[in-house]
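This report goes through the fold of one protein, from its overall layout down to single side chains. Please keep the sequence and the structure in view while reading.

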Amino acid sequence: MRAVPHDLAGGEDLSRTQCDLRLDHQGYGCVSVTGTLNGRRHPFVFARCRRRTKIGWLPYARLVSCRGLDELARFAGPLGRFLALRGVPGRFLDENPRYFKGAPAPRPGDLAYTELSLFGI
């Protein structure tokens with residue numbers, strides 16, 4: 001796992017649109033990460049969030065974008081270690097409703113360009 005560089009280039013495994021999404025969200029303060037498996041890049045974006053608890057505010061990372069939840073499961077260990085070393089452990093939360101208009105419904109793991117990624121809500 002490694003952070004997405006500012007000069008991320010597209011290719012066979014990562015389209016220019018996917019590169020732009022990662023770089024845009026990195027500019028919003030999100031953590032953009034790329035894992036490599038068998039010579040192919042697998043991109044992930046996490047929003048830095050904080051949750052109020054009895055002992056104070058605790059940081060965590062919330063998934064904003066990935067290609068699919070199967071990729072998230074495949075890279076769960078390396079992603080968890082990467083995020084923990086940066087002080088933002090990942091956490092699964094299924095408490096906020098997702099509103100959308102029209103079809104098709106957004107797929108799980110796709111919160112790109114939403115209030116969560118832009119404003120940390």
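The sections below cover the overall layout, the sheet, the nonpolar cores, one helix and the charges placed over rings.

## Overall layout

The model is predicted. The protein contains four helices and four strands, and along the sequence these follow the pattern β-α-β-β-β-α-α-α.

Of the 121 residues, 35% count as buried. Among the contacts in the protein with a separation of 6 or more, 56% come from residues 24 or more positions apart.

## The sheet and its hairpins

The four strands make an open sheet in the order β1-β2-β3-β4, with antiparallel pairing. Its edge strands are β1 and β4, each of which pairs on one side only.

Seven bridges join β2 (residues 31–37) to β3 (residues 40–53) in the antiparallel sense. In this pairing, Val 33 stands opposite Phe 44 of β3. The two strands form a hairpin with two residues between them, and Asn 38, in the turn, has a positive phi of about 55 degrees.

On the next pairing, β3 and β4 (residues 56–66) are antiparallel over 10 bridges. Val 45 of β3 stands opposite Ser 65 in β4. These strands too form a hairpin with two residues between them. In general, side chains in a regular strand alternate between the two faces of the sheet.

## Nonpolar cores

The largest nonpolar core has 12 residues. From the strand segments it takes Val 31, Val 33, Phe 44, Phe 46, Ala 61, Leu 63 and Cys 66; the other members are Phe 75, Leu 79, Phe 82, Leu 83 and Val 88. At least two residues of this core are supplied by each of β2, β3, β4 and α3 (76–85). A second, separate core has nine residues, including Ala 47, Cys 49, Val 64 and Leu 111.

Phe 44 therefore appears twice in this account, as the residue opposite Val 33 and as a member of the largest core, to which Val 33 also belongs. Cys 66 is another member of that core. Leaving aside neighbours within four places in sequence, Cys 66 is in contact with Arg 22, Pro 43, Phe 44, Arg 107 and Gly 109.

## Helix α3

Which residues of α3 are buried? They are Leu 79, Phe 82 and Leu 83. These residues lie on the same side of α3 because they cover an arc of only 90 degrees around the axis. Arg 81 and Leu 85, on the other side of the helix, are exposed.

The buried residues of α3 are covered by elements including β1 (2–3), β2, β3, β4 and α2 (69–74). Leu 79, Phe 82 and Leu 83 also belong to the largest nonpolar core. Just after α3, Gly 87 takes a positive phi of about 80 degrees.

## Charges over rings

Where does the charged end of Arg 86 sit? It sits over the ring of Phe 82, 3.7 Å from the ring centre. Phe 82 is thus described both as a buried residue of α3 and as a ring with a charge over it.

Arg 50 lies over the face of Trp 57, at 4.8 Å from the ring centre. Arg 50 falls within the residue range of β3, and Trp 57 within that of β4.

Terms used. Residues numbered from 1 in each chain as written. Predicted model: local features only at pLDDT ≥ 70, side-chain atom pairs only at ≥ 80, totals over all residues. Heavy atoms only, no water. Pairing = 2+ DSSP bridges. Core = buried A, V, L, I, M, F, W, Y, C linked by side-chain atoms within 4.5 Å. Buried < 20%, exposed > 50% of the residue type's maximum accessible area, 1.4 Å probe, protein only. Contact = heavy atoms within 4.5 Å. Lys NZ or Arg CZ within 6 Å of the ring centre and 35° of its normal. Arc of directions from axis to C-beta.
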